[in-house]
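Please look over the sequence and the structure shown here before reading on. The paragraphs that follow lead through them step by step.

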Amino acid sequence: MIEKITLADAAEGTADIISEEGYIEAMKSQIVPRLAALRKSVLLNREGSQKLYCEYYVHPLDLSKGSVFISHGFTESCGKYHEVIYYFLKAGYSVCMIEHRGHGRSRRTEERTSAGAPTDIDKFQYYVYDMDYAIETVLKKNLPAPYYLFCHSMGGAIGALYLESHPDTFQKAIFSAPMFEINSGGYPKAVVKALIRISCALGKQEQFLAGQNPFSAEENFADSAASCEPRYRYYFEQQLAVPAFQNGGSSIRWAGESLRATERLLKPENCSKITIPVLLFQAGADTVVCSGGQDRFIEQIPDGRLVFVPDTKHEIYLGPDKVLEKYWNVIFSFLE
C-alpha cells in the first residue's frame, strides 16, 4: 500500500490566489489583459492539413526559474487554463501550451468544428508525437530551461507516455487527476473493450460512445467536473463565445485508443523509465477517472509522491479557494 498524504498535510502555508468572490470580473479585467500582453501564438504544421495550435509566454523578468509545459485534459483548450498560466508566470516561470489535436483550434481544415461532432483520435500516440514536436520546435527554441511538466487528466496520459520515451526532457512533473484508468461506469473493462472492437469493425468508430453527447449550451455546474462554480462559469462563457472550444464527447475510437494507451503506460517496465521526481494529485470525488491506475503508477515509478485531495471533483485546478490555496502551495514547494 502506498501512503496517501492529504492536501492539508502536504505542505505548510498557503498560496495567494484569485478569490472566488468577484472571480470572473477579476479574470476579465486584470488577468486576461496581462496574459494577452505576453502571449505569442503559432500554428504548427503537422501531417496533411493538421494544424496544431500552440501558445507560449516568456516571463518578462530573468528570474531563471525555467519553463512549464502544460498538457490539458479531454475536450479542453488553452482558454480553460488562464488562471493556471497566470500562477506559473506570477511565480517566475515561462509557460508553453498546445491544444491537443482534435481540440480547440487544433483541428483539421476538413474537420467539423461544431458542437455536434465527437472528439476523436486515429491513434492516441499522435498526441505524444504532437507534444514532442511542440517541445522541440517551440519550447526548447523560445523558452528558458530547466523544463517542468504540468498535466491534467487525458493530458496526464499523454505526459506519462512522453516521459517514458523522453526521460531527460523535464526536471520534474506534476500530474493533476491524471487519466491512468478511465471510469467505465462499473462495466468490466474486457466487456467495454469487446464492444468497442465490434463497433469499430462495423464502421461506427467515429460515432459517439454510449453516454457521450454533443456540447450543450445549457449551463450545468452540478454535473461538471469542477468544484467551484465561478471557475466553471468563466470557461463555460468562453465556450459559448468561441465555437472551436465546443468539443463534443468521446467517439468510440477515442475510448478504445485511450484504454489501450493507459494499459501501456502502466506497464511496470514503462513506468520504471520515469526517473524524475513526480507529484500526483488524486481527487477524492472523482467520477471521471479511477484512483487505482494512479496508485499503480506511483507504486511503479522510482520517485513519486501522491497527494490526496478529499471532497474535490476531477478538475482540481477548478476547485474552491480553500483547496487551491493549498494545491498551489504544494506545487510551488515541489518545484522550488
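A residue is called buried when its relative accessible area is under 20%, exposed when that area is over 50%, and partly exposed in between. The model considered here is a predicted one. Ser-153 offers a starting case: its relative accessibility is 5%, so Ser-153 counts as buried.

Ser-153 sits in the loop between E6 and H5. Its backbone deserves attention, for Ser-153 has a positive phi of about 50 degrees although it is not a glycine. Most residues other than glycine have a negative phi, and most peptide bonds are trans. A second residue with a positive phi is Ala-177, where the angle is near 45 degrees. Ala-177 belongs to the loop between E7 and H6. Is Ala-177 buried or exposed? With a relative accessible area of 0%, Ala-177 is buried. The peptide bond that runs from Ala-145 to Pro-146 is also notable, being cis with omega near 0 degrees. Pro-146 lies in the loop between H4 and strand E6 (147-152).

The discussion now turns to charged side chains. Side chains of opposite charge can pair when their charged atoms come close. How many salt bridges does the structure hold? There are 23 salt bridges in the structure. One of them joins the side chains of Glu-55 and Arg-39, at 3.6 Å from N to O. This pair links distant parts of the chain, since Glu-55 is in strand E3 (residues 51-57) and Arg-39 is in strand E2 (residues 39-45), 16 residues apart. The two partners can be described by their accessibility: Glu-55 is buried, with a relative accessible area of 3%, whereas Arg-39 is partly exposed, with a value of 26%.

Another salt bridge brings together the side chains of Asp-130 and Arg-101, with an N to O distance of 2.6 Å. Asp-130 is in helix H4 (residues 125-142) and Arg-101 is in the loop between strand E5 (94-98) and H4, so this pair ties together parts that are 29 residues apart in sequence. Both Asp-130 and Arg-101 are buried. These two residues also take part in a wider arrangement, as Arg-46, Glu-47, Arg-101 and Asp-130 are linked in a network of salt bridges.

A further pair is made by Glu-181 and Arg-296, whose closest N and O atoms are 3.6 Å apart. Because Glu-181 lies in the loop between strand E7 (172-176) and H6, and Arg-296 in helix H10 (residues 291-300), the pair ties together parts that are 115 residues apart in sequence. Glu-181 counts as buried at 18% relative accessibility, while Arg-296 counts as partly exposed at 36%.

Residues far apart along the chain may also be compared through their backbone positions. Glu-164 and Ile-274 are 110 residues apart along the chain, and their C-alpha atoms are separated by 5.6 Å. Glu-164 is located in helix H5 (residues 154-165) and is buried, with a relative accessible area of 8%.

On the surface, Val-191, Leu-195, Ile-198 and Leu-202 form a nonpolar patch, and together they have about 390 Å² of accessible area. Within this group, Leu-195 is placed in helix H6 (residues 189-201). Its relative accessibility is 51%, so Leu-195 counts as exposed.

The last topic is empty space. Rolling a probe the size of a water molecule over the atoms shows where empty space is left. The largest pocket has a volume of about 1700 Å³. Its lining consists of 50 residues, and those nearest its centre are Phe-74, Gly-211, Gln-212, Gly-249 and Val-288. The elements giving two or more residues to this lining are H6, helix H7 (229-241) and helix H8 (252-265). By class, the lining of the largest pocket comprises 23 nonpolar, 20 polar and seven charged residues.

The structure also has one cavity of 30 Å³ or more. The largest cavity has a volume of about 40 Å³. Which residues line the largest cavity? Among them are Tyr-23, Met-27, Lys-80, His-82, Arg-231 and Leu-318. Helix H2 (23-38), helix H3 (82-90) and H7 each supply at least two residues of this lining. Sorted by class, the lining of the largest cavity has five nonpolar, two polar and three charged residues.

Definitions and conventions:
Residues are numbered from 1 along each chain as its sequence is written. This is a predicted model: local features need pLDDT of at least 70, side-chain atom pairs count only at pLDDT 80 or more; totals for chains, interfaces and linings use all residues. Side-chain values use heavy atoms; hydrogens and water are left out. Patches are made of residues with over 30% relative accessible area and no salt bridge: like charges are joined within 9 Å, nonpolar side chains (Val, Leu, Ile, Met, Phe, Trp, Tyr) within 5 Å. Accessible areas come from the Shrake-Rupley method with a 1.4 Å probe; for residues, only the protein chains shown count as cover. A salt bridge is a side-chain nitrogen of Lys or Arg within 4 Å of a carboxyl oxygen of Asp or Glu. Helices (H or I, at least four residues) and strands (E, at least two) are DSSP runs, numbered from the N terminus. Buried means under 20% relative accessible area, exposed over 50%, partly exposed in between (1.4 Å probe, protein chains only). On a 1 Å grid over the protein atoms alone, a cavity is a set of points where a 1.4 Å probe fits but cannot get out, and a pocket is an open set with protein on both sides within 12 Å along at least five of seven lines; lining residues have an atom within 4 Å of a point. Grid points are joined across faces, edges and corners, and a volume is the space filled by probe spheres set on the points. Ala, Val, Leu, Ile, Met, Phe, Trp, Tyr, Cys and Pro count as nonpolar, Asp, Glu, Lys and Arg as charged, and the others, Gly among them, as polar.
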